[in-house]
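Reader: I should be grateful for a close look at one part of this assembly, namely chain B and the contact it makes with its partner.

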Amino acid sequence: MAIIERPTTAGGVELAPPATPTRAQGGFKRPVSTTGWKSWLFTVDHKKLGIMYGVMAMFFFVLGGIEAVLIRLQLAAPEGKVLSASVYNQMFTMHATTMVFLFVMPMAAAFANYFIPLQIGARDVAFPRMNAFGFWCILGGGIFINLSWFFGGAADGGWFMYAPNSGPIFSPSHGVDFWSLGLQIAGIASLTGAINLIVTVLNMRAPGMSLMKMPVFTWLQLVVQFLLLFAVPVITVALFLLSFQRNFGATFFDVSAGADPLLWQHLFWIFGHPEVYILILPSFGIISEVLPVFAKKPLFGYPFVVFSGAAIGFVGWGVWAHHMFASGLGPVSVAVFSISTMAIAIPTGVKIVNWTLTLWGGKLRFTAAMHFAVGLIVLFTIGGLSGVTHSVAPSDTQQTDTYYIVAHFHYVLFGGAVFGLFSGFYYWWPKMFGKTLNEKLGKANFWLMVIGMNMTFGPMHILGLQGQPRRMYQWTEARAGEGFFNLAFWNRIASIGSLVLSLGILLFIINVIKTARSKERAPLDPWDARTLEWMTSSPPKEHNFDVIPTVHHLDEFFHRKYEQDPVTHEYKQIATAEEILADQEAHADKHIHMPSPSYWPIVLASTLPIITIGVIYSIPVAIVGGIFLVLAMFGWALEPSTAPETDFDPPASGDSTKELAPLV
Amino acid sequence: MSDVAVHEADHGTHGHTTSTGLSNNKVAMWLFLGSECLLFGGLISTYMLYRGRVSIGPRPGNVFDIPFTSVSSFILLMSSLTMVLAVSAAQNRDDRGTTLWLTVTALLGATFVGGQVYEFTAMYNEGLGFTTSLFGSSFYTLTGFHGVHVTVGIIMLMSLVGIIKRSTVPGDKAEVVELIGLYWHFVDVIWIVIFTLVYLIPA
């Protein structure tokens with residue numbers, strides 16, 4: 001809640017004073033619940049929103065996983081009968097859409113929301129209501145896209161939805177409409193989130209934290225937010241063109257009217273390739289935090305990791321056409337994009353080298369988080385190497401639209417992005433919930449996922465090079481070939497692998513439930529961590545830090561715990577996490593003003609699906625939704641983001657040191 | 001968008017200055033405008049690709065009334081001048097001057113949008129519908145998006161006049177005027193690009 005006036009007897013539990021809004025500004029009186037579902041629905045707290053992003057992403061991860069298993073079951077036997085051809089098309093389209101837009105992106109946003117303010121020593125993000133608005137948008141967009149299953153079938157054009165396949169002739173159901181409009185809503189979440197987090201990182205760093213003292217996770221997230229800022233509007237244009245064509249009869253992708261189908265491909269991949277880095281860089285950031293902690297060494301070459309991350313961000317804009325080598329771009333374009341694609345492997349390689357050298361000579365502790373981090377290095381490298389084979393255009397022409405591509409991007413996205421996120425789960429769980437995930441189950445989870453993913457996606461290299469086309473709905477025994485290259489055998493292995501993989505993820509869910517039920521509290525600093533988020537209680541207080549820390553070093557928290565001996569150059573411990581926390585609590589700020597909860601984010605976000613449903617079915621509904629949207633914007637604009645002091649009970653009469661009775 | 005950003009004033013910094021010295025709102029507005037560049041970049045590219053593609057219906061040269069659009073473009077550019085006067089008045093804490101110049105800016109903007117409506121109607125009557133040809137689809141989409149941006153700007157200007165009169169501007173009033181001014185100038189600059197590429201350079 002909004003104003004926290006701490007009892008002068010410091011060190012106790014933080015409790016907000018009761019608050020009674022005296023007047024309504026912008027339509028509603030403010031929500032005041034501090035517990036129960038209302039405290040979540042109307043929250044603007046970056047930590048609660050981070051958890052909500054995470055829960056949502058996990059739900060869609062399971063959903064996308066079920067879709068993946070159905071795909072593999074269909075391909076497990078010759079002439080599979082699990083799915084019809086039409087449902088199969090919808091299944092792989094929605095599997096990819098769900099995993100990219102509704103799992104990896106929001107899960108990365110969950111970590112960004114939760115940990116960026118903590119890592120830079122801030123009390124919240126720059127625009128807390130906009131943060132809440134973003135969450136409700138992506139949730140609304142995700143639900144909206146999936147509603148299509150119940151309204152005549154989901155989108156079926158593949159996740160890149162090439163024209164003219166996406167047109168009304170080849171995709172007559174409303175699936176593509178739901179898809180494009182739902183992604184449009186989710187895009188708003190990415191855009192507002194990007195602006196919010198960039199401003200937060202640039203403007204709200206703790207005193208002394210220069211850009212080159214920022215934790216790597218925050219750095220790479222900053223790069224990601226810039227990529228989102230500039231990539232999202234491009235897909236927005238593409239989706240508008242598609243919607244205008246499907247819903248209002250425009251001719252953008254109508255070849256009979258002279259349209260160029262490559263327009264969509266260019267717009268999509270100008271967004272789509274930065275998107276790939278949007279998916280992977282957060283995980284790079286996570287393991288750049290995890291590896292130094294469990295190697296008990298600072299990250300090797302911190303500036304190189306930061307600048308290579310920024311370099312990936314820049315070069316990522318100049319490689320999009322390598323997705324289009326088979327579309328007849330002409331030799332000059334192909335050569336240029338081929339070279340730029342090879343070039344982008346360099347900054348990525350720099351990172352791999354830095355991580356490996358961070359491990360070199362370290363006192364390694366193989367926790368579950370460390371397992372996943374090392375897993376990422378290995379699996380991502382495999383995926384990266386097959387990626388380099390795509391950059392060679394003649395070779396790529398053979399691989400285009402085969403399972404080799406499927407193998408490649410699952411190694412980088414599953415072996416890379418997802419492993420990084422799991423590393424983050426195990427590393428940060430004690431910080432977020434005050435309880436450590438079970439390590440034994442965590443390692444079992446890891447090994448099942450490693451074995452499962454290599455069984456599933458490894459054989460796809462062989463399948464692809466043997467010519468099995470991507471998105472093929474059935475295979476026949478008669479054409480499966482013989483010997484080592486028998487397609488039937490490798491398809492079966494891949495299908496079994498997907499079940500092993502699912503088992504691994506099931507173990508994770510079991511682990512979460514088990515941990516939630518256990519009474520055992522995690523130590524304050526279970527991993528001997530290095531960055532600021534570990535300098536507060538677990539889970540962190542609502543206002544994050546009792547005192548905003550002044551930063552003197554990269555890895556500030558480590559340097560508060562350890563001091564270098566001037567003679568032997570060895571670090572010895574001078575303080576424990578508990579002592580540092582107690583010291584902060586003793587000197588806590590007396591008057592902390594936090595942003596207040598608001599109804600407006602969820603109200604404003606809920607007008608968007610009304611508009612999009614209207615666009616598909618009836619324009620008057622869209623107009624009504626649009627009116628609500630404008631009204632909600634006015635309500636939002638007129639409500640101050642932080643409640644005036646008169647809104648608090650008892651009213652703060654200017655005496656900021658006054659003691660308030662704790663509310664129990 | 002800017003309405004969203006404008007009022008999340010100084011929380012979190014609470015008595016401290018920001019790390020960059022710029023206000024959160026101003027950085028956010030610049031970022032948003034950066035993002036808008038890419039939006040218009042995509043739309044303009046689409047138009048440039050499709051402007052010559054006419055299988056039926058009028059071609060670009062047949063429907064444009066360049067003297068008329070030049071006048072309405074001039075009016076829009078003049079609104080940038082009045083916007084500057086509004087920002088200057090707001091920085092001098094001159095509420096009357098601020099509301100006056102904001103209103104004039106909005107009126108000039110409305111004249112431009114009115115001109116656009118007239119132009120669209122005239123083109124439609126000459127046989128160029130939204131679905132007629134690739135040229136029609138991409139022309140109306142590009143200029144329509146710009147027109148919507150101007151309209152949103154007008155709504156923001158008029159809302160600002162309203163809340164200045166009721167003295168309920170949250171945060172720094174001069175900065176709120178300045179931020180909406182940034183948006184307004186951006187929309188004008190985009191129009192210069194569109195006017196040049198769409199109207200002045202022959203297809």
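Reader: Before turning to that contact, what pLDDT does chain A average, and what share of its residues score at least 70?

Author: This is a predicted model, in which local features need pLDDT of at least 70 and side-chain atom pairs count only at pLDDT 80 or more, while totals for chains, interfaces and linings use all residues. Residues are numbered from 1 along each chain as its sequence is written, and chains are lettered from A and ligands numbered from 1 in the order in which they are written.

Chain A averages a pLDDT (the predictor's confidence in each residue, from 0 to 100) of 90, and 92% of its residues score at least 70. In residues 1-18 of chain A the pLDDT falls below 50, and this stretch has 49 contacts in the model beyond near neighbours in sequence; two residues are in contact if their C-beta atoms, placed from the backbone, lie within 7 Å. Residues 650-664 of chain A also have a pLDDT below 50, with 18 such contacts. Where pLDDT is low, the predicted coordinates should not be read in detail.

Chain B contains seven helices and zero strands; these are DSSP runs, helices being H or I of at least four residues and strands E of at least two, numbered from the N terminus. The C-alpha trace of chain B spans about 65 × 35 × 25 Å along its principal axes. Of the 203 residues in chain B, 43% are buried, that is, 20 or more other C-beta atoms, placed from the backbone, lie within 10 Å of their own. Among contacts in chain B with a separation of 6 or more, 81% join residues 24 or more positions apart.

An unreviewed UniProt entry annotates "transmembrane region" at several places in chain B, including residues 27-50 and 176-201; such annotations may be inferred rather than shown by experiment. Residues 27-50 of chain B are 100% helix, with end C-alpha atoms 35 Å apart. For residues 176-201 of chain B, the helix content is 96% and the end C-alpha atoms are 37 Å apart.

The contact draws 43 residues from chain A and 38 residues from chain B. On the side of chain A that touches chain B, α4 (128-147), α5 (175-203), α6 (216-248), α7 (262-295) and α18 (619-638) each supply at least two residues. The largest share, nine residues, comes from α6(A). By type, this side of chain A has 30 nonpolar, eight polar and five charged residues; Ala, Val, Leu, Ile, Met, Phe, Trp, Tyr, Cys and Pro count as nonpolar, Asp, Glu, Lys and Arg as charged, and the others, Gly among them, as polar.

Definitions and conventions. Buried ≥ 20, exposed ≤ 12 C-beta atoms within 10 Å, placed from the backbone.
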